[in-house]
Amino acid sequence: MAKIGFIGLGNMGGPMAINLVKAGHDVAVFDLSEQAMQALQEAGASAASSAVDAVKGAEFVISMLPAGKHVQGLYVTGDQPLFDHVSKDALVIDSSTIDAHTAKSVANSAQEQGLNFIDAPVSGGVGGATAGTLSFMVGASEQQFAKAKPILDIMGKNIFHAGVQGSGQVAKACNNMLLAILMSGTSEALNMGVNNGLDPKALSEIMRLSSGGNWALEVYNPYPGVMENAPASNDYQGGFQVDLMAKDLGLAMDLSEQSGSPTPMGTKANELFKEHSQAGNGALDFSSIINQYKK
Ligand code: NAD
């Protein structure tokens with residue numbers, strides 16, 4: 001049984017922390033939201049009075065926060081930087097999706113203080129967090145990865161070692177940019193086929209089993225009625241929100257600029273999702289991008 005401090009108990013962090021409690025670990029939690037704290041206490045976690053309190057004596061510290069500024073504030077630049085309170089032999093695992101630049105800079109600050117900080121963003125959404133089947137993309141040394149793995153195994157199914165610190169965030173940005181491109185492209189092809197008299201189910205099946213086959217056609221068809229369990233058949237409720245995809249595309253665009261990597265397809269997908277969000281669709285599932293083509 002490990003002593004774990006867990007900070008950020010939102011849609012993702014809440015169920016992730018619950019899985020650690022269920023696995024028998026001693027989990028001290030903290031969130032700014034009283035309601036989130038209550039839910040975790042009911043699940044068997046101990047409620048800490050502050051983030052500093054949550055990490056006292058912890059062997060592992062895990063954070064699941066909205067963005068880079070929250071992570072930097074919590075550990076380095078806030079009123080009570082946690083790096084002043086984390087024990088020297090603890091491993092700090094940040095699973096938030098943030099920009100790679102901040103992840104590297106926070107890891108450097110940790111190193112300067114003799115501490116271990118790694119990035120381990122996830123893919124799999126709230127469903128994966130609840131079921132303990134997330135994919136983790138980890139930026140860490142071999143040694144840090146080996147130490148983190150048994151803990152990440154409780155919350156996830158696929159635990160990937162992407163490379164050194166920051167690499168997890170790079171992998172996540174690449175994956176989600178590709179996902180946005182695939183979903184947009186699939187929507188584009190389906191809409192054109194339907195406009196030319198094809199049945200969306202028949203066309204989906206043809207493309208799925210031909211060279212255009214991809215993840216969207218396999219498990220997440222954006223056209224309503226083609227796949228019973230996809231968000232498209234449920235008014236685009238649930239799933240992965242447009243605003244979260246827009247956030248991830250923003251991170252991918254930053255990375256593209258910083259590394260001088262041309263991303264014409266990613267740039268177009270970024271514009272499409274931004275426009276879709278600004279039209280009031282931010283809370284819908286991201287496969288609703290097909291409505292941009294139907295207009
Ligand atoms: P969320 O907004 O539901 O939760 C964030 C939580 O952090 C909130 O409960 C908030 O009160 C808390 N918080 C913020 N600042 C804090 C601080 N200083 N101290 C303590 N608590 C603080 O967000 P989420 O959906 O759980 O997402 C978390 C991260 O995971 C984000 O980076 C997101 O991009 C990423 N992510 C989300 C999904 C998804 O489907 N929701 C999927 C993959 C990755």
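A salt bridge is a side-chain nitrogen of Lys or Arg within 4 Å of a carboxyl oxygen of Asp or Glu. The model shown here is predicted, and it holds four salt bridges.

**View 1. Glu218 and Arg208 form a salt bridge between two helices.** Their side chains meet at 3.3 Å, N to O. This pair links distant parts of the chain, ten residues apart. Glu218 sits in helix 10 (residues 215–219), Arg208 in helix 9. Glu218 counts as partly exposed because its relative accessibility is 40%.

**View 2. Glu205 pairs with Arg208 inside helix 9.** The closest N and O atoms of this salt bridge are 3.0 Å apart. Both residues lie in helix 9 (residues 200–208). They are three residues apart, about one turn of the helix. Glu205 has a relative accessible area of 39%, so it is partly exposed. Arg208 is partly exposed too, with a relative accessible area of 25%.

**View 3. Glu205, Arg208 and Glu218 belong to one network.** Salt bridges with shared partners join the three residues. Arg208 bonds to Glu205 in one salt bridge and to Glu218 in another.

**View 4. Asp153 and Lys149 meet in a salt bridge within helix 7.** The N to O distance is 3.1 Å. Both residues belong to helix 7 (residues 142–155). Four residues separate their positions, about one turn of the helix. Asp153 is partly exposed at 33% relative accessibility. Lys149, at 30%, also counts as partly exposed.

Conventions:
Residues numbered from 1 in each chain as written. Predicted model: local features only at pLDDT ≥ 70, side-chain atom pairs only at ≥ 80, totals over all residues. Heavy atoms only, no water. Buried < 20%, exposed > 50% of the residue type's maximum accessible area, 1.4 Å probe, protein only.
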